[in-house]
Every structure is written in structure tokens, then in C-alpha cells.
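Notebook open, viewer running. I'll jot things down in the order I look them up.

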Amino acid sequence: GRKLEPIGALKQGKWVGTGCQGCTSWCSSQAYVVDGRVIKIRGNVNAKSQQGAACPRMRLAIQQAYDPDRIKQPMKRTNPKKGRSEEPKFVPISWDEAFDTIADKLLELIKANEGHKLVAFRGRYTDINDLAYSTFPKLMGSPNNISHSSICAESEKFGPMYTHGKGSYRDYDLINSKYVLIWGMDPLATNRQVSTWLKNWGEIIGDAKIAVVEPRFTSTASKADEWLPVISGQDGALAVALAHVLLTKGLWSKEFVGDFKDGKNLFVAGKTVDEAAFTEKHTNGIVKWWNLELKDRTPEWASPLCGIPVEQIVRVATEMGNNAPYTCVMMGGGGVMQQRGAYNSMAIHALNGIVGSVEHEGGCGFPSGATYGSFPAFAEFQTKEAAATAKHKKIDHRGRLEWANMPTGSVGGGVNTNRVADGILAADPNEIKMAIGYWINLNFSCAENHRWDAAMAKVPFFAHCVTHNSEMSWFADILLPSTHHMFEQWSVTGTYQNMVAHRAIQQPMIDKVYDAKNYESEVMWGIAEKLAAKGFTNFLDYLKTFKDPETGKAATNGEELGLYMTKILTEPIWNPEKYKSGDKFNGWNHFVEVGVWNGGAFKYKAAWSNMGTATKKFEFYSETLKKNLQTHADNNKATIDQALAAMNYTARGDLAFVPHYETPITVGDANKYPLIFIDQKSRLNREGRSANCGWYQDFKDVDFGDEKNGDTIKINPVDATKLGIKHGDKVRVTSPAGSIEVTAFVWEGIRPGHAAKSYGQGHWNYGKKANGKGGNNNAVLSAVYEKLSGATVYYANTRVNITKA
Amino acid sequence: MTRLGMVIDLQKCVGCSACSIGCKMENNIPDGIFWSHYKQETEGTFPNVKLRYISTLCNHCTDAPCVKACPTSPKSTYKAENGMTLYNSDTCISCRACEFSCPYGQITFNAVDAEAKPYHNPDRALTEKGGTQGLRKKGKVEKCTFCDHRVRNGVDPFCVETCPANARIFGDLDDPNSEVSQLVAKNANFVLKPEANTKPNVFYINSYGKK
């Protein structure tokens, strides 16, 4: 070999702590900064969860931040007409003019006592969002703070809420599992806890059997033992049949659930059981559930519905039981963000209850997070008039008889994001005169998205704070460039992974790429200053009560406000005198340097018989749901059965309080639209915001069956033959809601009768690399809902037809 | 002798492309060009489906066809003393013989000059004279250099460091005590296209799928 001459030394940059919010894994992260620029990304090596691991999408944040198509300065619309075909004709303006215009519009509402005609949208947010999301609208007199949550996960929270007593994302102790059933999610590709699973999967599959329930052969299925390609929408049938087998074979956890008094298993198919014959331990209503639902839910009953062979149902249930309690059931949106999917969510999560893996080693649980400090109280700064209009009914119709919206336990309290378009269009309960929103793109991300084009065209004034001029921005009057959360602002984020909680600091670390501001702090300050200059001082007076916990100094500008908000919130983490739990720091600078706080070790079984349910037990018969449904019915002067009918569920009476099978509803006549559409989440999506990154387009095919720079729909060869479609054909995908043009990918990895397509392409206003590639799934998905939770339906949503384009 | 090489543990590999995106980050690689990449293949008929995913890069072959094919003197594509297959754009005559000779398709020709980006890595400039520096020029070829600028500074190639699954292991295959040598010795392993007789220095162990 040729002798090599010496070369120079590597540049010494610095790894700076941050938090990634490209999906809801919310991983802690570190960015490598050289000469004021970020050039590399990794997981934070100080995090006990990920230990330095980073999924592929985290890396795309660099190209997001340095995207030449980012909004470079505030802009205003010069074409007063709004519509998909109306070019907004934005022209650059100063931040001063932008704030001045927004303040004028807010004052018009305030002076007319019309605060309820304001809607404030929140998309991706950090933990300092409370000021912008909750307090700001209240001080302006608006009840309409609308988050994106119900287009994300709400029915996935519902099942755990009404069985386990916690309406939240679960963490999974897979390192200690012996059997893992993964339902309607692809944890090696999409949220949650992706970085952790990528790091540990080689070890996990060495020790545990893995089974995946999903009509599409997922990334996770490609590294699993079993694939259960369920017919989309029929997840509930499979879940109750698995429960039936576990009980009839006597494989439930005696330690967690209890046992028959005389030790003989009376769970015999078709036969009711005397409740008095069973002594329950940490659960509520196993026999009621059996009698009301499970006794007839045999594998023979389920198989023709869900498309899974009887022997596979029996085999999987048996192996789940044989490995109990080290059997973990993971749940994602696929099996539950369906019409009537709330009961699938209960049924799937209840499998953890049967095998006793709830809060058990190798099972699922909710690690304790950080204690946060609180922001100053705002009540004294809210005018009487604002307090009154802020009590008006919300624009999303939550809480009405047909909208229980109670995914996390608050009856009628959950958001109904996608319904807002209809509320605006019908001026129901009132007209909307002004909207303001940040890191949100509802015209792209909501099912049946053309309604949003009509709705946003109808709103007379809209201010949008985002990184990219997007589909929703097209309807904006003022466009505000947002900072990138990972590199350009003070804030904090976190969740849990690998059974340990974390909180990751986000900090300004690079030379700002463009003249951007953080909506959650700096934009709030700018608006408050302008309102004060025009005589409405309340908001600014309130912001001046935010003080640096270290110096006691009040904020004097937006950047200080963001820093102080972050310090106030995280003070119990970094201030040793206010220390509560987990990692201990010797001060603010120490926390910033390390970049991440780790919670303490998870306490297995601590929540047994101490759950957040009405009975404190894990509820197979949900007294919690019964109580909340009664409250919902009472609020609407109706009976529970009337409410269930209004929300289009089939259950009546006691059946409504146990996990049970409901016949799925999928839009579209099967004769006209032969294939069930599957909305696939992409490995590289940063929530629909990364399609303008070169690396996104270069590696799009890392989602099996996708293509670089393109957009495909995956169909089985059996269906391709029937439809006369060949691999690589340009095709038109049509549903009752609309149609898109993409490329056909003929593939054995999809169940016949289904068509899977990644969400993410199909932008028409996001930048040069993103625009004009393929189609947006939301153009073919219908605006239908899971009404107990308020979730917008993304799975088993619609049927489609595919024809040559 | 030193023979730098890599072992890719397919059981750990999760098919996520983080290595390849990391490679782009480290080496300032333009859109459409890949030094680190992957091959995917589906086998079987529904529902008995199996997927293969193989992470690929330059094999830094001991008997490198690209070196044999290079017509210049001295060779513009050459074996270095540490076993890396490197490239000198100063002496390259743009004939593309190396590209056409590579059985693995790992050499790419630049039809246009690469464009500078704010996030480009300044360390890529550290390399042999005429080597694959910061940005590539029209009419020249490029491929994986095993991150020679890092390795010669005592750190692993970036794909090894950045793989979230720790599926890539780097070291000296001529040192029987190195981790890579031990892994190759103790595990059933394979190389790509053994029939090409190139003696690749990238080895694969274990299998990607479970079934």
C-alpha cells in the first residue's frame, strides 16, 4: 500500500444539549456546533434512556434549520382575496409592523368584546407553551385555544385511561420482556421512543419473541417472529379473541387478576360465570367482562372477521400467556384511531391487564416525570370582559351530545382539532374573525383537508408563525418566521423512554440563520409591547412578572422572557434547594451544560391497586368510563344510551363499560372502492415538515416500498392483477373525499384488499424540493371521528379505487 | 501490516439509514450521491414474507478492481498502507474506468460541481493531497474513504459512531486481537459478491430478519 503523508487535526467543535421534536418521541439530543453552525446531531450521551442513540429523522433537523426556503423575515399579504388559487403576494415587512398589525386586530376584538371570535392554534410545542397556548387567548378573551392533539393520538390514550387510569403514552420495559405484541405501530420507524428501540432492538429480539399486528409488513415486522396482517378496522375482533383464549386456557396472571375460589377454570366458551366464584386482586370486573363480551368471542368467531387464521390467534395468545407476566402489548394509532376505535384501545391495552404486565417488569407503565415550577398567576391581569367571553362555547363543538371528547378523563374536555374547520365554515357557535397559530399546518395535516382551505379563506385575519411558508400560510395575512426549536430558542421538552423519564433543554446555540423569533416567548412579548403602546397594558404587565429565579430580575424583552420561562419551569431540576427527584445539578449552568435530566428508577408494581381509576384497580369493567359517560349524558340532559347512539356506537347498557367488539365503519362502497386505505407514517417525517430536506428525498425509500423523490401506493399483486395495474404505473387513487396521483408499488408485504401509502409527500407550498411530489393522504381521507376520544380517524378511514393515471 | 475493515452485525442493524444520513453529514455529499447506502429485497408470498436489508459501502477490497482498472501512473485510485482504498483527484483523468470496474456500484461520477452548504463539515478537507476534500468537482469521482480524515486522527468512521444500533464495528483485520477480527473469527460471516474475488474488507455477521 502507498505510504500516507500526515494530515491535520480535526476541528474541536462542541456538543451542545437540545431536544428533538421531530415526532413525539421527544428524544434528548446533542448538536455539534463548529464556528456558530451546527453540523452533526446525536442523541444526548448523558441521557439514561437513549444513551447517545439518534434515529434518522433527528438528523434532518439540520437541513430544516438551514433550508434556503425558510421564511427569512416577517411578511404581509398584499392580495386581499384568499383561496387555493389566490397567490398571497407576500411582501417583506419589519417585526415592528407585524406586531403593530396583529395588536390592532386584537384590539378591535377586545374593544368590541369579541374575544371569543379569536382562535389560537398550537401545533408542535415545547413545555413552555402554557403562556402562548393557554394564557394569551384567555387574556384576549378567547375560549378557543386549539391544539393539534386529536389528529395525533387521542383514541390511543383512551384505552389506558379507562382501564389503567392514565390517559397517556405508555412506556415499555422491552429489555426485560419475553414476548412482545406490537399493535398498529412501527416502533423501529415511527413514534414513540424510536431512538431507544433502534439502540436496543438487537438485544430485545435476542431475548424475546416479537409479534406484529398490522396489515402492512412494517420495519418492525421485518425484524419480528410473527406477522398478524389484520384486516384494517377489525383489530377489536382480534383483541377480544386473544383475551378469550387467554381466559379459556387459564393463562391470566393469578398474581395480578386473581383466581377462581376453588382453583377450577370456569371460563368455558359460551358459558356465563358466577361473579362470586372469582376473587379478584388488582383488577376490576374480569368476570363481568367475560359474561358481557368475551364468552362468545372465540377464535373461530374472530378469524373470518379479522382475517387471522384460528391457529395463529391461538398460538399467539398461548405464547403471550406462557410468557406472562413478561408479555408486553404495545399499542399505536393503527388499531385504534378508527371510528368506534376507543373500544379497540381498551381491548388491546386490557391484554396487558390479563397477562399481569401492567406496571410489571417486562411490561408497560408510566415512569414519573420531572416536577416543574409554575409560571406567575394571570387572573389579576384578565379583564372582566375577557373572562366573560373566554367562557363562551368552543369552536370545535367538544362536549356536545355527539362529542364526548374524554381521552384523558376530562369529560367534553378533549380537543376536536379537525372539527374546527366545520365550526369556522358554519360560524357555529360563532363566527371567527381572527386566527393566530404556530408550528401548525392544518391545511396539510387534517383529513379531508380541502375544508381547511375553505375555512382559512373565510377567516378575515390570520397570523402564522412557522419556519416554512406552508399550505396553511397560503391563507395568512401576516407570516412570522419561527425559530427552530432545536437550535435557536430557549425551551424544554421531554417524556420517557426505556422506563426512565427525561427533560431536555433546548437552547440558542448557532448564529441565527434568519430573522426568526420564538412564538412561545418572543412573539408573545412583541405583541404585548404593541398592545401596551396602544393602551392595553395588561398583557405586558403580566409578562413583566416573569422573573429570573437566580437574580430576581424581571424580563425586559422577549429573549429574556423565553430564558426566564425555561428557568422558572425547570427550577426544581437545576436548583439544588428545590430538588425533587432524579439527577441533581449544582445550578442552572450545570443543567444547561449536561443538557438533560434523568428521572429515577421505575418502581414496578407501585401502582397496583393504586391506579387513577374510580376503583383504583385495573378496570376490565370500567367504573371510570361509566361515571364519565354519565357526566357527559347529564351535561347534555340525555341518557348514556342516547349519548352512545348520538356518537354512533352500537353498545348499550353495561356493554358500553367493557372493552368490546364494535363493527367498524369505513367510508366508501366496497364495490366502487375495493381497497382499504392505510395511512402509513414515514420513518423520515418530522411531522410533515421535512419533505423539503434533501436527505428526506434521498432516503425516502428507507420506508419499504417507497421511492426516492417520489410517492408510492403499495398494493398486493393479487389486487394489482384485478385492477390491471403494473408495478411502477402512474396511478390515480380515488376515495369519496378526493383523489391523488402517485406511483404503484406492487408488493407482497401488504394484505390483499388494502393499499398503503406514506404520509409526508404531496406538498404544494412547502419549498422547492417538497412541492409537486406525489399526493397528500389527507386529500383522500374523510373527516370522520372517534367520538368518545375526539380523535380524527386515520386508519380504516376510507376505501379507495386505483386506476391508471 | 494494517488492513482496516468493518463488520456489520445484521441482527443489530435496524434498517433505518441513520448511517447513510450521517455519512452525508460527515462527508458533505450532494443529493443523489451515496457513499453509504442499502439494498432491500422482499421474498415470499403474502403472508409468508421476509425482508432483507443490507447496509452497503465501499468494501475497500484487498484486490480492488478499481485500482487495477485505473490507467494513470501513479494510480489515481490506490491502496494505502493502512488498507484503505483511496482516490487522488489531482491525477485523475476522468476516464471513469474505476466506476465501471466496481462490482458493487460504489463509485459515483460527478456531473456537476457540488454546492456549498452552511452545515458542511470543515473536517472533510483533511485528507491526502488531491484526496476527497471538502467539496467535489465536476468530472471527478467519489466514494467512501472509511472517513480517512477521522480514522487517521484516531476516531472511528462517522457511520460507526452514529449508528444508533451499534451495528458497525471498525478496526484492523490483520490484528488477530482486534474486535473486528474476533467477530469475523467467531461468527458465521459473509461478504458481498465473493465470486468477484475482490477480497472485500466489509464483513456481515448474523441475519437481519428473525424468521
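**Interface of chains A and B**

I started with a salt bridge: B:Glu26 pairs with A:Lys40, and their closest N and O atoms sit 2.5 Å apart. Worth keeping in mind throughout: this is a predicted model. The count of salt bridges between chain B and chain A comes to four. For polar contacts across that interface, I got 30 residue pairs, both partners at pLDDT 80 or more.

Next I asked which elements of chain B supply at least two residues each to the side that touches chain A. My list reads α1 (18-27), β2 (37-45), β3 (48-56), β4 (77-79), α4 (148-151) and α5 (158-162). Of the elements, α1(B) gives the largest share, seven residues. By residue type, this side of chain B splits into 29 nonpolar, 20 polar and 17 charged.

Then I went for the overall extent. I found 66 residues of chain B in contact with 61 residues of chain A. The two chains bury about 5,300 Å² between them, with 60% of that on carbon and sulfur atoms. Which three residues of chain B supply more of its buried area than any other three? They are B:Phe46, B:Tyr119 and B:Lys210, and together they account for 15% of what chain B buries against chain A.

**Cis peptides and a positive phi**

B:Phe46 came up again when I went through the backbone: the peptide bond from B:Phe46 to B:Pro47 is cis, omega near 0°. I placed B:Pro47 in the loop between β2 and β3 of chain B.

Chain A has a cis bond to note too, from A:Asp428 to A:Pro429, with omega near 10°. A:Pro429 belongs to the loop between α13 (420-426) and β17 of chain A.

I also flagged A:Ser609, whose phi is near 55°, a positive value in a residue that is not glycine. A:Ser609 sits in the loop between β22 (596-598) and β23 (618-619) of chain A. My reason for logging these: most residues other than glycine have a negative phi, and most peptide bonds are trans.

**A sheet in chain A**

I traced an open sheet of seven strands in chain A, in the order β5-β4-β19-β18-β17-β6-β7, with mixed pairing. At its edges stand β5 (90-92) and β7 (144-147), each with a single partner strand, so one side of each has no neighbour in the sheet. I get an average turn of 20° between neighbouring strands, direction ignored.

Zooming in on one edge, I saw β6 (residues 118-122) of chain A pair with β7(A) in the parallel sense, over four bridges. Within chain A, A:Arg122 stands opposite A:Ser147 in β7(A).

What lies across β17 (434-438), β18 (461-466) and β19 (478-481) of chain A? I found helix α16 (residues 519-533) there, running at about 145° to β17(A).

**Salt bridges, whole structure**

Last, I totted up salt bridges over all chains and got 61. I picked out A:Lys209 with A:Glu319, whose closest N and O atoms are 3.1 Å apart. A:Lys209 is in strand β10 (residues 209-213) and A:Glu319 in helix α10 (residues 310-323), both of chain A, so this pair ties together parts 110 residues apart in sequence.

Terms used
Residues are numbered from 1 along each chain as its sequence is written. Chains are lettered from A and ligands numbered from 1 in the order in which they are written. This is a predicted model: local features need pLDDT of at least 70, side-chain atom pairs count only at pLDDT 80 or more; totals for chains, interfaces and linings use all residues. Side-chain values use heavy atoms; hydrogens and water are left out. Contact means heavy atoms within 4.5 Å. Buried area is the accessible area (1.4 Å probe) that two parts lose on being put together, summed over both. A salt bridge is a side-chain nitrogen of Lys or Arg within 4 Å of a carboxyl oxygen of Asp or Glu. A polar contact is a pair of N or O atoms within 3.5 Å; within protein, one must be able to donate a hydrogen and the other to accept it, and residues adjacent in sequence count only if both atoms are side-chain atoms. Ala, Val, Leu, Ile, Met, Phe, Trp, Tyr, Cys and Pro count as nonpolar, Asp, Glu, Lys and Arg as charged, and the others, Gly among them, as polar. Two strands pair if DSSP finds at least two bridges between them. Axes are lines fitted to C-alpha atoms, for helices over the stretch in contact, and angles run from 0 to 180 degrees between N-to-C directions.
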